[in-house]
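Let's go through a fold together, question by question. Have the sequence and the 3D view open as you read.

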Amino acid sequence: MFNNWFKKEKPIQGMMGFGGGAADGYIDIAVVGGGGGGGYNWGAGGGAGGVVVARDVPVTANTSMPVTIGNGGAGKASNPGTGDQGQASTFGHPGGNFTGDGGGGGGCNDTNGGPGGSSGGGAYRRAAGAVTQ
């Protein structure tokens, strides 16, 4: 009779190591890449990191799913002045990874914005970067 509990119904026992804990089920996932850095000398702002959202993703108890959080890109204080691209963020799922691209670096007075999850802005008379996600 006492073996018919769902593991989620015994959270205190699970924390104490008495057999409770997570069960198989579904989760919602949101992954956001790091933002791009700003450009130098009348520079534009960096682009936002790319966003990936997934609902009702199946998971299995006791399965490892690694997470990587991408850093934001550095802004520039000298030429060449396009800000650095942000790093990608990833949620590793056994069925396939979910990855948000890093944002593009912002352009400056003599360079265009960089490519990224959301492109870096273009400075005065300069183009924005290409969107990758």
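A patch here is built from residues with over 30% relative accessible area and no salt bridge, and nonpolar side chains such as Val are joined within 5 Å. Keep in mind that this is a predicted model.

Q: Which residues form a nonpolar patch on the surface, and how much accessible area do they have together?
A: Look at the valines around the start of β2, the strand that spans 51-59. Val-32, Val-51 and Val-53 make up the nonpolar surface patch. Added together, their accessible area is about 280 Å².

Q: Is Val-53 buried or exposed?
A: Val-53 sits in strand β2. The cut-off for exposed is over 50% relative accessible area. Val-53 has 60%, so this valine is exposed.

Q: Where does Trp-42 lie, and is it buried or exposed?
A: Trp-42 is in the loop that links β1 (25-32) and β2 (51-59). Its phi is positive, about 65°, even though Trp-42 isn't a glycine. With 69% relative accessibility, it counts as exposed.

Q: Which strand holds Asp-56, and what is its phi?
A: Asp-56 belongs to strand β2. This residue is not a glycine, yet its phi is positive. The value is about 55°.

Q: In what order do the three strands of the open sheet run, and which stand at the edges?
A: The order is β3-β4-β5, with antiparallel pairing. β3 (67-68) and β5 each have a single partner strand, so one side of each lacks a neighbour in the sheet. That puts two strands at the edges: β3 and β5.

Q: How many bridges join β4 and β5, and what is the bridge partner of Ser-89?
A: In general, strands of a sheet pair through backbone hydrogen bonds. Strand β4 (residues 89-91) pairs with β5 in the antiparallel sense, over three bridges. For Ser-89, the bridge partner in β5 is Gly-100.

Q: Is Thr-111 buried or exposed?
A: Find Thr-111 in the segment after β5 (98-100). Buried means under 20% relative accessible area. Thr-111 comes in at 17%, so it counts as buried.

Q: What does Thr-111 touch, and which side chain does its own side chain meet in a polar contact?
A: Leaving out residues up to four places away in sequence, Thr-111 touches Gly-81, Thr-82 and Arg-126. One of these contacts involves a side-chain to side-chain polar contact, at 2.5 Å. The partner there is Thr-82.

Note on methods. Residues numbered from 1 in each chain as written. Predicted model: local features only at pLDDT ≥ 70, side-chain atom pairs only at ≥ 80, totals over all residues. Heavy atoms only, no water. Helix = DSSP H or I, 4+ residues; strand = E, 2+ residues; numbered from the N terminus. Buried < 20%, exposed > 50% of the residue type's maximum accessible area, 1.4 Å probe, protein only. Polar contact = N/O pair within 3.5 Å; in protein donor to acceptor, adjacent residues only side chain to side chain. Contact = heavy atoms within 4.5 Å. Pairing = 2+ DSSP bridges. Patch = residues over 30% accessible without salt bridge, like charges linked within 9 Å, V, L, I, M, F, W, Y side chains within 5 Å. Areas by Shrake-Rupley, 256 points an atom, 1.4 Å probe, with all protein chains shown as cover. Salt bridge = Lys/Arg side-chain N within 4 Å of Asp/Glu carboxyl O.
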